[in-house]
Amino acid sequence: MTESPEKPKLSVLKTEDEWREMLTPAEYQVLRQAGTEPPFVGEYTDTTTEGVYRCRACNAELFRSETKFESHCGWPSFFSPLAEDTVRYVEDRSIPGPPRVEVRCTACDSHLGHVFAGEGYQTPTDLRYCINSICLTLEPTQN
């Protein structure tokens with residue numbers, strides 16, 4: 001996990017007016033303005049459905065259910081993204097205290113949530129990608 005503060009070359013380009021038209025006000029506030037949905041209310045917080053989690057703004061594949069785990073933090077938690085090039089990392093100093101690491105979609109630069117290290121979860125990476133449900137859509141695995 002390396003911080004990547006420079007803006008990526010986006011594959012999905014829209015104006016802010018286009019984002020406002022396609023997203024609900026709540027989705028826009030979180031995805032485009034780096035907001036946070038309230039804890040324990042998101043549709044994917046407790047789901048155990050197998051599948052691929054995609055960016056709600058641009059449909060890029062971000063996470064797989066195999067990396068989702070119960071953190072009891074109020075938001076869906078993953079221990080790694082689908083691939084390192086699907087997300088980028090930005091230092092977030094928006095609240096007092098130590099800086100956090102923001103997670104953004106590399107395809108459309110939408111805010112997804114934050115990643116935390118060293119919390120002691122028994123996962124292969126010792127990382128917790130704390131992602132807003134409102135930023136995701138789940139594509140269930142076909143059986």
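The sheet in this predicted model is open and has six strands in the order 3-4-8-7-6-5, with antiparallel pairing. At its edges you will find strand 3 (68-69) and strand 5 (87-92), each of which pairs on one side only.

Let's walk inward from the strand 5 edge. Strand 5 meets strand 6 (residues 100-105) through six bridges, and the two run in the antiparallel sense. Within this pairing, Arg 88 has Arg 104 of strand 6 as its bridge partner. Strand 6 in turn is joined to strand 7 by four bridges, again antiparallel. Here Arg 104 turns up once more, standing opposite His 111 in strand 7. Next comes the pairing of strand 7 (residues 111-117) with strand 8 (residues 127-131), an antiparallel match held by five bridges. Ala 117 is found opposite Leu 127 of strand 8.

**Salt bridges**

How many salt bridges does the structure hold? The count is 13. Three of the pairs are listed here with the separation of their closest N and O atoms.

| Pair | N to O separation |
|---|---|
| Asp 17 and Arg 20 | 3.7 Å |
| Arg 88 and Asp 109 | 2.9 Å |
| Glu 91 and Arg 93 | 2.6 Å |

Take the pair of Arg 88 and Asp 109, which are joined by a salt bridge. This pair links distant parts of the chain: Arg 88 sits in strand 5, while Asp 109 sits in the loop between strand 6 and strand 7, 21 residues apart. Are these two residues buried or exposed? Arg 88 has a relative accessible area of 6%, so it is buried, the cut-off being under 20%. Asp 109 counts as buried too, because its relative accessibility is 3%. Asp 109 has another feature to look for: in the hairpin of strand 6 and strand 7, with five residues between the strands, Asp 109 takes a positive phi near 65 degrees.

The pair of Asp 17 and Arg 20 has another setting. Both residues lie in helix 1 (residues 16-22), three residues apart, which is about one turn of the helix. Asp 17 is exposed, because its relative accessible area is 51%. Arg 20, at 45% relative accessibility, counts as partly exposed.

As for the pair of Glu 91 and Arg 93, Glu 91 is partly exposed, with a relative accessible area of 36%. Arg 93 reaches 58%, so it is exposed.

**A network around Arg 54**

Salt bridges can also join up into groups. Which residues are linked with Arg 54 in a network of salt bridges? They are Glu 61, Arg 64 and Glu 139. Arg 54 itself belongs to strand 1 (residues 51-55), and it counts as buried because its relative accessibility is 13%. Leaving aside neighbours within four places in sequence, Arg 54 has contacts that include Asn 59, Glu 61, Leu 62, Cys 135, Thr 137 and Glu 139.

**A glycine in a loop**

To finish the tour, find Gly 42 in the loop between helix 2 (25-31) and strand 1. Gly 42 is buried, because its relative accessible area is 14%. Not counting residues up to four places away in sequence, Gly 42 touches Glu 37 and Ser 133. You can also look from Gly 42 across to Gly 74: their C-alpha atoms are separated by 8.1 Å, and the two residues are 32 residues apart along the chain.

Definitions and conventions: Residues numbered from 1 in each chain as written. Predicted model: local features only at pLDDT ≥ 70, side-chain atom pairs only at ≥ 80, totals over all residues. Heavy atoms only, no water. Buried < 20%, exposed > 50% of the residue type's maximum accessible area, 1.4 Å probe, protein only. Contact = heavy atoms within 4.5 Å. Pairing = 2+ DSSP bridges. Salt bridge = Lys/Arg side-chain N within 4 Å of Asp/Glu carboxyl O.
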